[in-house]
Amino acid sequence: MRYRYISDCHLHSGFSPDGGDSMAMLCERAAALGLHAVAITDHCECNEYDSAGYRESARASYLESKRACVQFQGRLQVYAGIELGQATQNLAAAQDILDACDFDFVLASLHNLAGRPDFWELDYRDEDPQALLEQYFDQVQELVEWGNFDSLAHLTYPLRYMVGEHRLDLSFESLYGRIDTILRTLVMQDKALEVNTSGLRQKYGRTMPTLKVLRRFRELGGRFVTLGSDAHRWADVGAGIESGLSLLREAGFHTFTIFVKREPKQFPIE
Ligand SMILES: [Zn+2]
Ligand SMILES: [Zn+2]
């Protein structure tokens, strides 16, 4: 391994509907790879909090990750996290789960526009992708202004499908202003930005976000960046994290961040 500290702070276990493996399997894999730390961040889709059972599954994930933390002591740091989806679409749900569990790390994400299906489910032949992207960034902006999270997950998520799967021809000129506003708001609130490496092993072939956005974040004064593979199975734990660290170096960062009890801890990229 080229880097001294390799940590994966975006992992899904069987407590996520699209995750298949137990937390013990994820942690065993991370320990075998020599990772320094992991954060378990099972899904809690706030807009489906009760209808899809997240009220229970997010609590169960939290308790299990606390157990894994004890079980792996001395071999691997395990942190209890959550991927809080669409918090601004059900603020009461977001508050309820954050009050119920003492998470180390809260990722905020947006998988669907208000009242619409997840971006992976949309039939883009019936949509105006450019307008969807503008709405996506506007709603991410609302999420960032809400602010009760530590790191913003996979900014540019719709591109995984629009570009990766459907090869749509998009113009980014109208979007950079919106991305800038999001980055500035993160900086003002001292929040972290995530480098999500899942796109590297999918058709999209890039991180979310890409180097250009990471550079801009640093230029604007961003200090905290977290890294996550977004693995949904044990074989993907740690995937792409070293590439993510190299990208961060290229963007001018000398450290990356892990959250412990919701406080940022910086680690050298060396
Ligand atoms: Zn996500
Ligand atoms: Zn995820």
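Which side chain of opposite charge is nearest to Asp8, and how far away is it? I shall come to that after two remarks on conventions. This is a predicted model, in which local features need pLDDT of at least 70 and side-chain atom pairs count only at pLDDT 80 or more, while totals for chains, interfaces and linings use all residues. Residues are numbered from 1 along each chain as its sequence is written, chains are lettered from A and ligands numbered from 1 in the order in which they are written, and side-chain values use heavy atoms, with hydrogens and water left out.

Asp8 lies in strand 1 (strands are DSSP runs of E, at least two residues, and helices runs of H or I, at least four, numbered from the N terminus). The nearest side chain of opposite charge is Arg201, 7.0 Å away; Lys and Arg count as positive, Asp and Glu as negative, and His and the chain ends are not counted. Asp8 is buried (under 20% relative accessible area, 1.4 Å probe, protein chains only) yet has no salt bridge, meaning a side-chain nitrogen of Lys or Arg within 4 Å of a carboxyl oxygen of Asp or Glu. Among the residues that Asp8 touches is Asp230, with contact meaning heavy atoms within 4.5 Å.

Asp230 brings us to the metal. Together with His10, His12 and Glu83, Asp230 supplies the protein donors of the zinc ion (ligand 2), at 2.1 to 2.3 Å; donors are N, O and S atoms within 2.8 Å of the metal (3.2 Å for Na, K and Ca), and water is not among the atoms, so sites may look incomplete. His10 and His12 are both buried. Glu83 also coordinates the zinc ion (ligand 1), which is 3.4 Å from ligand 2.

Conventions:
Buried < 20%, exposed > 50% of the residue type's maximum accessible area, 1.4 Å probe, protein only. Lists of a residue's contacts leave out its neighbours within four places in sequence.
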